[in-house]
Amino acid sequence: MISVFQQHGQELLVGFGNTLLCSVIALFFSLIIGSTFAIFEAVPSRFLHIIGRVYIEVFRNIPLLVIGMFFYAVVPQYIVSIDGFTAGTIGLTLYTSAFIAETVRAGIQAVDEGQMEGARANGLTFMQAMRHIILPQAFRYVIPPLGNQFINMVKNSSVLAFVAGFDLMYQGDMIASTTFDTFNTYIAVGILYLVITLPLSYYMRYLEKKMD
Amino acid sequence: MKRLKNLLLLLCLILVVFSLNACGNKKDSAQNQSVWQKDKSTNTITWGVKADTRLFGLMDVKSGQIRGFDIDMAKAITKKVLGKSGHAKFVQVTSKTRIPLLKNKNIDAIIATMTITPDREKIVDFSQIYFAAGQSLMVKKGSQIKNIKDLNKDGTTVLAVKGSTSAVNVKKYAPKAKVLELEDYAQAFTALKSGQGEALTTDNGILFGIASENPAYHVVGGTFTKEPYGIAFDKGQGKMRNKVNAAITEMRRDGTYQKLLQKWFGNVAGFDLKEASQQ
């Protein structure tokens, strides 16, 4: 296993970098998009409500691989030319954002209704109340499930391997198929995923403690 | 105290990984029965075959069976080796999975468009050549690319399949081109259609198979490498390999081989049957 790191360190490092980059981009945007659609569901507007519902149900219930392949194979044919890394990252972002929206929505609903009524009675607009009163409390509730989503997202980034996105799994496939040392290669790849997910997991736990 | 516990947990994890490592390296001392003995007693040979490659091994969706030159070869060889009652069982493989599946004994032999290379000969044993392919290029009709030299430019992208020799060859013959490797031929061709690369490269027989179904694409530039296909066996299965070699020799002599070649490649425009049957 150590020889895999010695001989193919360069490739693994590139893969590690791409996986990390994809995860960071997807984390950032899926959090924004997810929270937006969660708010859509809380807004007293039937129109926004339906849009939020449709978005979440579509992207939550289609396999990530299908979404990724769609952006890789179909979108460049008809709309705009994008490479594998971009296609995979967009797919991952949309897929994850649907789960984050569901998680955040649950958090918003867990905040007592009186909070919103109180805020509105004190003259705050709906959006002000959302931003200063409801969301800070909602996020506190949903940190543990949100952490789960983030960890899943890092692991799901391996979808890039199927659309030639040069991530960790792609490089692992490449090394395994040229050296035929399948066993040690995938162990090495697994360890590198742990290098990303374990600190993330510990950080989420730390945040949870800090909030209490 | 908490820190100590975490450290202990980490140590355990590392220990598990290394012990797994050890059993991965240990050479199957328990399962030492030879493939030949096992196949003779069960009267079945389990072949690893492609199911995504037209002309060689393609899943027929209607009947649920895999059809192609490799399949017919495997069936004919099984009959020669085990006698008329011999049974051939097929397991789908890809370029990426075939060697691991052979090594963990899920399949007895690989007959899946597999090129004989010195690197692979270190890991597996090959039979004699049963199909002499050569690597070629497929592009959209009207493309500027006429041969492998046209690809040797910055900014060109070539599509190949993971675990195949074609990717390695492109890096040798057109080092400036970027190579994207996909899971299988269907995905690689989809990527070509959606413009993720300028050309798809692999062995000519496979490309002719794809082009015959997709008239907007054609094979260009002839072959630029020699890719002799062989049947692969795990190391130490010499008896099985000798039996299969004898069967292929016999098939070449009694005309079965030529008949199968004619059946699958006889009607393919631009395909050189003589070149393919070279030994």
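Angles over 145 degrees between two helix axes, taken between N-to-C directions, count here as roughly antiparallel, and that cut-off is needed at the first stop of this tour through a predicted model.

**Chain A: helices α4 and α6**

Begin by selecting residues 84-110 and 126-156 of chain A, which are helices α4 and α6; they pack at an angle of about 155°, with their axes 8 Å apart. Because this angle is over the cut-off of 145 degrees, α4(A) and α6(A) are roughly antiparallel to each other. Viewed along the line between them, α4(A) passes α6(A) in a right-handed crossing. To display the contact, show the side chains of α4(A), including L92(A), F99(A), I100(A), V104(A) and I108(A), and those of α6(A), including I134(A), F139(A), V142(A), L146(A) and M153(A). Sorted by class, this contact holds 15 nonpolar and five polar residues and no charged ones.

**Chain A: helix α8 and two of its partners**

Next, select α8(A), residues 182-211, together with α7(A), residues 168-179, where the packing angle is about 165° and the axes are 9 Å apart. That angle makes α7(A) roughly antiparallel to α8(A), and the crossing of this pair is right-handed. From α7(A) the contact takes L168(A), M169(A), G172(A), I175(A), A176(A) and T179(A), while α8(A) supplies T182(A), T185(A), Y186(A), V189(A), L192(A) and Y193(A). The class count for this contact of α7(A) with α8(A) is eight nonpolar, four polar and no charged residues.

Keep α8(A) selected and replace α7(A) with α1(A), residues 2-42; here the helices pack at an angle of about 40°, with their axes 10 Å apart. The two helices α1(A) and α8(A) are therefore oblique to each other, and their crossing is right-handed. In this contact V4(A), F5(A), L12(A), F16(A), T19(A), L20(A) and S23(A) of α1(A) meet N184(A), T185(A), A188(A), L192(A) and I196(A) of α8(A). By class, the contact of α1(A) with α8(A) has eight nonpolar, four polar and no charged residues. T185(A) and L192(A), listed here for α8(A), are also among the residues that α8(A) brings to its contact with α7(A).

**Across to chain B**

Now show both chains and select the residues where they meet: 19 residues of chain B are in contact with 17 residues of chain A. On the chain B side, α1 (2-25), α4 (98-103), β10 and α7 (185-193) each supply at least two residues. By class, this side of chain B has seven nonpolar, seven polar and five charged residues.

With chain A hidden, look at chain B as a whole. Its C-alpha atoms fill a box of roughly 70 × 55 × 40 Å along the principal axes, and its secondary structure comes to eleven helices and 13 strands. Of its 279 residues, 42% are buried. Among the contacts in chain B between residues at least 6 apart in sequence, 70% join residues at least 24 apart.

**The sheet of chain B**

Select the five strands of chain B that form an open sheet of mixed pairing, in the order β10-β9-β11-β8-β12. The edge strands are β10 (178-182) and β12, each of which pairs on one side only. Neighbouring strands of the sheet are turned by 35° against each other on average, with direction ignored.

Then narrow the selection to β8(B), residues 135-140, which is largely enclosed by the rest of the structure, because five of its six residues are buried. Four bridges join β8(B) to β11(B), residues 199-203, in an antiparallel pairing, and four bridges likewise join β8(B) to β12(B), residues 217-220, also antiparallel. M138(B) lets you follow both pairings, since it can be traced to L200(B), its bridge partner in β11(B), and to V219(B), which stands opposite M138(B) in β12(B). S136(B) has T202(B) as its bridge partner in β11(B).

**Last stop: N204(B)**

Finish by selecting N204(B), which lies in helix α8 (residues 204-213) of chain B. N204(B) is buried, with 27 other C-beta atoms within 10 Å, against a cut-off of 20 or more. Apart from its neighbours within four places in sequence, N204(B) is in contact with A133(B), G134(B), S136(B), V219(B) and T223(B). For a distance to display, take N204(B) and A133(B), which are 71 residues apart in sequence but 6.3 Å apart in space, C-alpha to C-alpha.

Key
Residues are numbered from 1 along each chain as its sequence is written. Chains are lettered from A and ligands numbered from 1 in the order in which they are written. This is a predicted model: local features need pLDDT of at least 70, side-chain atom pairs count only at pLDDT 80 or more; totals for chains, interfaces and linings use all residues. A residue is buried if 20 or more other C-beta atoms lie within 10 Å of its own, exposed if 12 or fewer, and partly exposed in between; C-beta atoms are placed from the backbone. Two strands pair if DSSP finds at least two bridges between them. Axes are lines fitted to C-alpha atoms, for helices over the stretch in contact, and angles run from 0 to 180 degrees between N-to-C directions. Angles under 35 degrees count as roughly parallel, over 145 as roughly antiparallel, 65 to 115 as roughly perpendicular and the rest as oblique. A crossing is left-handed if the near helix is turned anticlockwise from the far one by less than a right angle, and right-handed if clockwise. Two residues are in contact if their C-beta atoms, placed from the backbone, lie within 7 Å. Ala, Val, Leu, Ile, Met, Phe, Trp, Tyr, Cys and Pro count as nonpolar, Asp, Glu, Lys and Arg as charged, and the others, Gly among them, as polar.
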